[in-house]
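Me: Please take a close look at a single part of this protein, and then set that part in the context of the whole chain. I would like the terms explained with their cut-offs as they come up.

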Amino acid sequence: MTVFANPVLPGMYPDPSVCRVGDTFYLANSSFEYFPGLPLHSSTDLVTWTPLGHAIDRTGQAGLLDLAGVPDSGGLYAPTLRHHDGLFFLACTVVGGAADASFFLTTTDPAGPWSDPVFLEGARGIDPTVFFHEGRAWWAGCRLVEPGAYPGQTEIWLRELDPVAGRLFGQEHILWNGAVAGAVWAEGPHLFAHDGWIYLLAAEGGTERNHAVSVARSRSVTGPYVGNPGNPILSHRQLGATASVQNVGHADLVEAGDGSWWALALGVRSRAGGHVLGRETFLAPVAWESGWPVVNPGAGRLGERGSTPFTSADAPTPAELHDTFPVGPLASHWLGVRGPVPGAHTSAAGLHLEPPAPPPTPDPAGSTSTLRPATTTPAAFLGYRLRHPDVRAGIRLVLPHPGVTTGLALRQSGDFGLRIELAHAPAGWAATAIARADGADTVLGSVPLDPVAPGSLLGLTAELSAAGVAFTVTVAGETRVVAVTDATLLTTERAGGFVGTLVGPFVGGEPGHPVTVTGFDYVPTASATP
């Protein structure tokens, strides 16, 4: 037996989709505009999730998906992971590029490499799922009803899939509009068979406070589907604004080898009316009563703690991270915005980040396409998912060239975030804390650093707690507070969108002058688990 505390996969891991092969469970999550994309994990106990890598991890794949053109909170939405006849299938949608398009990838090993995306003509909408049943393959998705009876009304549609030819064929079937009349965005469909029935699981209510999971069933894949009289089968919307876990929905179900059933769903940990970490993956047991799934029987909501009857083959991921950037490829926990960070590489000295070349023409979208320092030059940024509500994250770096601005950023989006940066002005070097809201920068505080010698090693730290965010700078063993501010700008409730906060180094300014980061430290500061 393995005891767990929810969430079982903390940090920005939304829209979980799970399948089982033998005694191993495999999990995929959305990644939006970040690269590498579509993270994969494995587990033998549904609790200890070991990173396997990403399905989208090559520049060529990202180019086909046009991540370079997606807006904040665009990109890779709501994957479905399934295994059939020796192959893993991953269905997904890229949103906000040249055109929204659904595709699938395949592999024999979820650790990769995965195939290039196979795009499906006619697969309109988002949140596709693939379902194999009685020798046939099916593809279902979600799209807006045109014209709808009300704004946000969607329909879940189905067609047969030829996975070898990479095409849809046959008649289209409209399966469901959701459980509640007037509820928006019946989405995230998943199909599965149990006891002679085909079940259609869907999220609805929007991925905010009214999020929920509902289910319908049919004797045939193509319908008609009848909703569960007990819908929704999972939601926290009835708990109100003071609930510590909110926005619960978008679940997938999996049957374990012992015949037990389990749900993985997204939720957010809210504090002071907002969430900073993004939508995380939570676990709950499922029972079958009168032919319908019941999530966490007797409670009807996600539990703070629980247990599974399985043992883990892997050690849990350490809560702390101390990355000294050893020579070789960057660890897969580092994410770039819309693609790999150009020029980022490691050496015996650490991580080297190159200031990017300025765009050839002004960006008509302003700063929404990338995190920017106080200058108008775009910044290169590497981010690590915040996974704890109370944490201290920091970098150690070598004093850069005077024409370079560098520092540590908490990125919520291109238009919202907090950062501490080093910049050289006529008066000398200074560490400055900056808040970015609605695309505009505000200085929160600044500490002059001179005299500081070239080649000096400095530390920049951000500490997140219930009190907000405290920025400090360390030079020659002396630590000074630069600014203390609240964390509202990092919440989805303030910034909008679908992502959580990432923390990591950035650099901008004169190209040709790389910054050397010798270490990154991530240390939870509260004893709460996870």
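Reply: A strand, as the word is used here, is a DSSP run of E covering at least two residues, a helix is a run of H or I covering at least four, and both are numbered from the N terminus. The model is predicted, and for that reason local features need a pLDDT of at least 70 and side-chain atom pairs count only at pLDDT 80 or more, whereas totals for chains, interfaces and linings use all residues. Residues are numbered from 1 along each chain as its sequence is written, and side-chain values use heavy atoms, with hydrogens and water left out.

The part I have chosen is strand β20, which spans residues 245–255. Of its 11 residues, 10 are buried, so β20 is largely enclosed by the rest of the structure; buried stands for a relative accessible area under 20%, exposed for one over 50%, and partly exposed for what lies in between, with a 1.4 Å probe and protein chains only. H250 is found in this strand, and with a relative accessible area of 3% it is buried. Its backbone deserves attention, since H250 is not a glycine and yet has a positive phi of about 45°. As background, most residues other than glycine have a negative phi, and most peptide bonds are trans.

The partner of β20 is strand β21, residues 261–269, and the two pair in the antiparallel sense over seven bridges; pairing requires that DSSP finds at least two bridges between two strands. In general, the strands of a sheet pair through backbone hydrogen bonds, either parallel or antiparallel. One of the bridges links L253 to A263, its partner in β21. Five residues lie between the strands of this hairpin, where G259 takes a positive phi near 90°.

A second hairpin can be set beside it: β37 (residues 468–475) and β38 (residues 478–485) are joined in the antiparallel sense by seven bridges. There the bridge partner of V473 in β38 is R480, and with two residues between the strands, A476 takes a positive phi near 55°.

The backbone of H250 has a counterpart in L38, which is not a glycine either and has a positive phi of about 60°. L38 has its place in strand β5, and at a relative accessible area of 0% it is buried. Just before that strand, P36 lies in the loop between β4 (34–35) and β5 (37–43), and the peptide bond that leads from F35 to P36 is cis, with omega near 0°. A cis peptide bond is found again between D450 and P451, with omega of about 0°, and P451 belongs to the loop between β35 (440–448) and β36 (457–465).

Elsewhere, an open sheet of four strands runs in the order β7-β8-β9-β10 with antiparallel pairing. Its edge strands are β7 (75–84) and β10 (118–119), each of which pairs on one side only. Eight bridges hold β7 and β8 (residues 87–95) in antiparallel register, and T80 has A91 as its bridge partner in β8.

Strand β13 (residues 154–162) contains E155, a residue that counts as buried at 14% relative accessibility. E155 and R143 are 12 residues apart in sequence, with 5.7 Å between their C-alpha atoms. Beyond neighbours within four places in sequence, E155 is in contact, meaning heavy atoms within 4.5 Å, with residues including R143, W176 and N177.

For the chain as a whole, the secondary structure comes to two helices and 40 strands. Its radius of gyration, taken over C-alpha atoms, is 23 Å, which agrees with the value near 24 Å for a compact globule of 530 residues; that rule is 2.2 Å times the number of residues to the power 0.38. Along the principal axes, the C-alpha atoms fill a box of roughly 75 × 45 × 45 Å. Buried residues make up 58% of the 530, and among contacts between residues at least 6 apart in sequence, 60% join residues at least 24 apart.
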